[in-house]
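Subject: Structure for your consideration

Dear colleague,

Please find below the structure that I am handing over to you. My notes on what was found in it follow directly after.

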Amino acid sequence: MKPNRHLDDATLLSYSAGALPAALAVVASAHLERCTTCRERLLDADRIGGVLVQQQRVDVPADDARAAMLALLDAEPAEALPPAPAEIIEERNPDRLPSALHPWFGPSMRALRWRRVAPGVQRIRASGIAGGDLMLLRIAPGSKLPLHSHGGSELTMILDGAYDDLLGHFGPGDVADLDGETLHQPVTSPGVPCICVAATDAPLVFSSWMARTLQPLFGF
Amino acid sequence: MNHSAPDASYWSAQMAAVSVQRDRASFMRIYDHFAPRLQRYLRNLGVAESIADELVQEALLTLWRKAAMFDPARASLATWLYRVARNLYIDHVRREPHWLPIQEGLDRLDHLESGRLDSQPESSFDQDLLKQAIDHLPPVQAKLVRMCYLESKSHSEIARELDMPLGSVKSSLRRSFAKLQGSMRAPR
């Protein structure tokens, strides 16, 4: 199934520039893995980087640097094209998390060890990530999350299940790429729990007193 | 060389000679042009001179080793080397150990799918239009695009530094990308 909701242009540009905070880059990578549309757009962003680097004014390399470079070539054999890893070619295994998430949560959805943080909400938080907060969330079907916005940027990718909010419907593979001004209240679809990976570069801001009391439970 | 700057097809021909004949003269033509530019790029990102030198060598050695993987129908040499240098920077300087394997995975997906996608091959013509479009960006957009790519600043860092709302930084980058992407897609 092809994703319908994609990375924001500004997010892609930052990703290409190596300027996206690490937690957001993990979620962007996970989406890129499943979205040919965004990989094509990323190539456009990389083309811009290529031209900008080319446009810089520079001097010619020094003779000793050239000689050092040539000397290094002797030790370097040519590499043949590597075969594509089986995990990429094989039919998508619904239990397998996107590769970008493996270092943080392991490869298997079934093997995840969830922790309950609020009624109907379970979470696993990635530890040791610099530049933001990264977590998996598992929200019971048909739940309504508290109304909230974000101090900075939030990037969420749906791994299983679905939710709706004022921006529309989000299903597996889709990303919600939100900035600080968006106030939203996701409602998960009936049927299966909604499992998603979310990254922020700043804490969430809940809009009501009720929701603020929930904030420590979410630990955002 | 006293004529105009070599174009993408010139560099593709040099890469073919490196890949097939292991031609050192072609390799050094690529080195002479790109090594100082990659060096400048890394220095502007705040990389110390000795480390920048090492990373430039590493980028060019990657090119020598993996020349067979270069596909001119997919990306120009400038784009390819930009990716290599950017990935080395994130791996070595920002110390994000998972970035390189993830990028290699995405590359392989592109290779697998390049036959099935209706991607536009890069030509010198596209690149010239893109260069012009970059030169014609309004000053604020041009500044934000350069801060993003050439200083590797996040949206919030740019917002703080220029005292602009985060939303304006993002919308300005969005508009720039739409313009630059439009220039690459211009009808021939």
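Leaving aside its neighbours within four places in sequence, which residues is Asp9(A) in contact with? In this predicted model, the residues concerned are Arg41(A), Arg174(B) and Phe177(B). Asp9(A) thus has contacts of this kind in chain A as well as in chain B. With Arg41(A) there is also a polar contact, made side chain to side chain at 2.6 Å. Asp9(A) itself belongs to helix α1 of chain A, which covers residues 9-16. Its relative accessibility is 18%, and Asp9(A) therefore counts as buried, since the cut-off for that class is under 20%.

Concerning chain B, the UniProt record, an unreviewed entry, lists residues 129-180 under "domain: RNA polymerase sigma factor 70 region 4 type". In the model, this stretch of chain B is 83% helix and 0% strand. The C-alpha atoms at its two ends lie 9 Å apart.

The sheet of chain A

Chain A contains an open sheet of six strands, which run in the order β1-β2-β3-β10-β5-β8 with antiparallel pairing. The edge positions are taken by β1 (115-118) and β8 (175-178) of chain A; each has a single partner strand, so one side of each has no neighbour in the sheet. On average, and with direction ignored, neighbouring strands of the sheet are turned by 25 degrees against each other.

Within this sheet, β3 (residues 133-139) and β10 (residues 194-200) of chain A form an antiparallel pair over seven bridges. One bridge partner in β10(A) is Cys194(A), which is matched with Ile139(A). Helix α2 of chain A, residues 22-34, packs on the sheet and touches β3, β5, β8 and β10 of chain A. The direction of helix α2 makes about 40 degrees with that of β5(A).

A residue in β5

Is Thr156(A) buried or exposed? Thr156(A) counts as buried, because its relative accessibility is 7%. The residue is found in strand β5 of chain A, residues 154-160. Its side chain is joined to that of Glu154(A) by a polar contact of 3.4 Å. Not counting residues up to four places away in sequence, Thr156(A) touches Val27(A), together with Asp174(A), Val175(A) and Ala176(A), and also Cys196(A), Val197(A) and Ala198(A). Of these, Val27(A) falls in helix α2 (residues 22-34) of chain A, while Cys196(A), Val197(A) and Ala198(A) fall in β10 (residues 194-200).

Yours sincerely

Conventions:
Residues are numbered from 1 along each chain as its sequence is written. Chains are lettered from A and ligands numbered from 1 in the order in which they are written. This is a predicted model: local features need pLDDT of at least 70, side-chain atom pairs count only at pLDDT 80 or more; totals for chains, interfaces and linings use all residues. Side-chain values use heavy atoms; hydrogens and water are left out. UniProt positions are given in the numbering used here, feature names are shortened, and annotations may be inferred rather than shown by experiment. Helices (H or I, at least four residues) and strands (E, at least two) are DSSP runs, numbered from the N terminus. Buried means under 20% relative accessible area, exposed over 50%, partly exposed in between (1.4 Å probe, protein chains only). A polar contact is a pair of N or O atoms within 3.5 Å; within protein, one must be able to donate a hydrogen and the other to accept it, and residues adjacent in sequence count only if both atoms are side-chain atoms. Contact means heavy atoms within 4.5 Å. Two strands pair if DSSP finds at least two bridges between them. Axes are lines fitted to C-alpha atoms, for helices over the stretch in contact, and angles run from 0 to 180 degrees between N-to-C directions.
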